[in-house]
Amino acid sequence: MLQVGLSLPRSPRGAAGGFPVAKPDDNTGNGQEMFGSSPVTIVITSEADTWDIDASSCLGCGQFVDWDRMPDPEQQAHIPRDILSKPPKELKRLAREGYWAASRSLRAQVYHQLIQQVACRLVTPDALVYRDVASRLFGKLSVSSHPLPEFLEGCSMPTYCLNLEGVTALKKILICVGNLFPDITYSPILPSLVALLLHYSEDEAQCFENISRLIASNAPHTSYIDQSFLAHQASCMTFGDLANKHCPAAHKLIASTSENVFEVYSEWLSWLFHDLPFNYAIRIFDVYLLEGQKVLYRIALALLKQYRLSVTSAELEGTDIKADLQAFVQNIAEHVTVDKLLERAFGIRLFSRKEIWLLQMANRKALMERGITMVQSRQSFHLAVDMQNFSSSIVTAQEMRIVWSWIPERFSLFPPLLLFSTSEDGCSLQRFYACCEGYEPTVLLIKTTEGEVCGAFLSSDWSERKKSGATSGFFGTGECFVFTVRPETERYEWVFIKKPELAKAVPRSRQRSPSPSPTSLLSSSPGGRGTSSNRLAVPTPQRKGRLSPFLAIRHFLLPSKTASMFMSGSREGIIIGGGGGQALSLDANLLWGHTEHCETFDNPPLCQENFKVQLLEVWGFQNA
């Protein structure tokens, strides 16, 4: 049960003995944001700035806030005394509905108590440590100048409604964090979180202790603050993957107007904790403390969906979409209220925290393979597809860029590599297998004699087919998808991505002991209509030390095995997508194919149902 025993700031409006208000200097870079009818200034300080540190800045509760710029409480409501003793599920509901916004003192109590319950490392610096270190670093009465920690190089510094005392306190806390957490090498979100906490902290020491607990959190599959360039980039890639899956219309628009989609998505955290006005950012912080980083993904996806509703392709022609998105977020109040934004965010059905964690770990691994290390400073990546040198007999460079934008971020870091082509390697299924085995994943492109173009992204190595023995079992993961390029460009993903509520996460105990392989597997020919059971062969357990793949079917309790039939190969041909039909099937000569609706991808026929292959290519990923 939560126990409350805090001395907290009261709002000075209408109260005797209100807190003193300090006005910021004119040279601090003021920007105007609107809260209702009152203008509120957000102060952004240059990262190159140095501030004078005065150790006597902790004068009392509430002294960090310029109350003239602080928005009024959103509602006046009766606050039950036992609110902090509510169960976690009830607290989540209250936070999502904006209950903390009714009272500044309530929000301060909630923040402190929730953070005190965060599981963190045994040795985590607290308020006493801060007072000691701050005294040593800054002296008791003297004024010194200190640069910001190196891990904030290039990072922005939103200060929201802090006064000059608060801005000074913000810098002091960040300097002490740099002193006491030497392993932090890059953390652009940290200044914003400290600034938000300072609005509701008793003093610098309490704020430092609370941010330290978030930094030192060690809860499984949960993280609050990325602390290296590697972790930050992996989070950006993960957001790109989620945007790809959950915001297909916005993703398609961005991919068609920007040469570097990843560069656009790399700003996703800045949208939330730099560009959004204070009354939006603080409501996000309310739910973030209870639900962790997953909630940030939800809200950024909701912003992206809202952006797509507000613009057209014609409007974006020739514009800088990265800057346009930033301007949209800064003026979000013109488009949607904070309550409606959160409502839409929580209407997005994401996968479990563990599944997102697996994706993030896979992205980290891909970055490490590209040479990114934990201690690396900031650098930029560029789109893998070289528009100048890319050459395919089936798709144009522009079409391939769209296809590449659908591919999981960790693979699109690597340039495409042509593995097999019927024009060069002949129409032989055995040659197809020989050229493609050892590569994971691959992209299959097919051009029919009618000029239609379709294909599939296949997440697993074709050598997996050999594990089924004489039978032709299915393999692959939920990252597989099929698509059309001509005459229309469209993608069809695993049905559970659109409807994750249909699948439940498998308990850990079940994951350790996979079910035995079914005795009856799909064994009909690629174009046939056999009456086989269409049951799915369960993949063998992963090799020890290998990362469990994102969207592996063994992580889910699926209502129907026929909705998880991704890819299959035998001497008779290949099949992609199963259950009630086959999304794509090709014969052993790679000359004739068939396409129809299937349960796995819930796709329409990808081209003329019975087609003749004019060209077929398979693309892999260099160094993937």
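## Cavities, a helix crossing and backbone features

Across the whole structure, which is a predicted model, a search finds three cavities of 30 Å³ or more. The second largest cavity is described here in some detail, followed by a helix pair and several backbone features.

The second largest cavity has a volume of about 40 Å³, and its lining consists of Asp241, Asn244, Lys245, Trp406, Pro408, Glu479, Phe481, Arg491 and Glu493. By residue class, this lining divides into five charged residues, three nonpolar residues and one polar residue. Among the secondary structure elements, α7 (229–246) and β10 (490–493) each supply at least two of the lining residues, and α7 gives the most, with three residues. At the level of domains, the lining draws at least three residues from each of domain 2 (229–370) and domain 3 (397–497 + 561–621).

Which residues bring helices α11 and α15 into contact? The axes of α11 (residues 278–291) and α15 (residues 338–345) come within 10 Å and cross at roughly 40°, and α11 passes α15 in a right-handed crossing. On the α11 side the contact is made by Asn279, Tyr280 and Arg283, while α15 contributes Val338, Asp339, Leu341 and Leu342. The residues of this contact divide into four nonpolar, two charged and one polar.

The backbone features include two cis peptide bonds, which are set out below with their omega angles.

| Cis peptide bond | Omega | Place of the proline |
|---|---|---|
| Glutamate 440 – proline 441 | about 0° | Loop between α20 (429–436) and β7 (442–448) |
| Arginine 486 – proline 487 | about 10° | Loop between β9 (481–486) and β10 |

The cis bond with an omega of about 0° joins glutamate 440 and proline 441, and proline 441 is found in the loop that runs between α20 and β7. The other entry in the table is the cis bond between arginine 486 and proline 487, with omega about 10°; proline 487 lies in the loop between β9 and β10, and β10 is also an element that supplies at least two residues to the lining of the second largest cavity.

A further backbone feature concerns tyrosine 160, which has a positive phi of about 50° although this residue is not a glycine. Where along the chain does tyrosine 160 have its place? Tyrosine 160 sits in the loop between β5 (157–158) and α4 (164–180).

How values were computed
Residues are numbered from 1 along each chain as its sequence is written. This is a predicted model: local features need pLDDT of at least 70, side-chain atom pairs count only at pLDDT 80 or more; totals for chains, interfaces and linings use all residues. Side-chain values use heavy atoms; hydrogens and water are left out. On a 1 Å grid over the protein atoms alone, a cavity is a set of points where a 1.4 Å probe fits but cannot get out, and a pocket is an open set with protein on both sides within 12 Å along at least five of seven lines; lining residues have an atom within 4 Å of a point. Grid points are joined across faces, edges and corners, and a volume is the space filled by probe spheres set on the points. Helices (H or I, at least four residues) and strands (E, at least two) are DSSP runs, numbered from the N terminus. Ala, Val, Leu, Ile, Met, Phe, Trp, Tyr, Cys and Pro count as nonpolar, Asp, Glu, Lys and Arg as charged, and the others, Gly among them, as polar. Domain bounds come from an automatic or database domain assignment. Axes are lines fitted to C-alpha atoms, for helices over the stretch in contact, and angles run from 0 to 180 degrees between N-to-C directions. A crossing is left-handed if the near helix is turned anticlockwise from the far one by less than a right angle, and right-handed if clockwise. Contact means heavy atoms within 4.5 Å.
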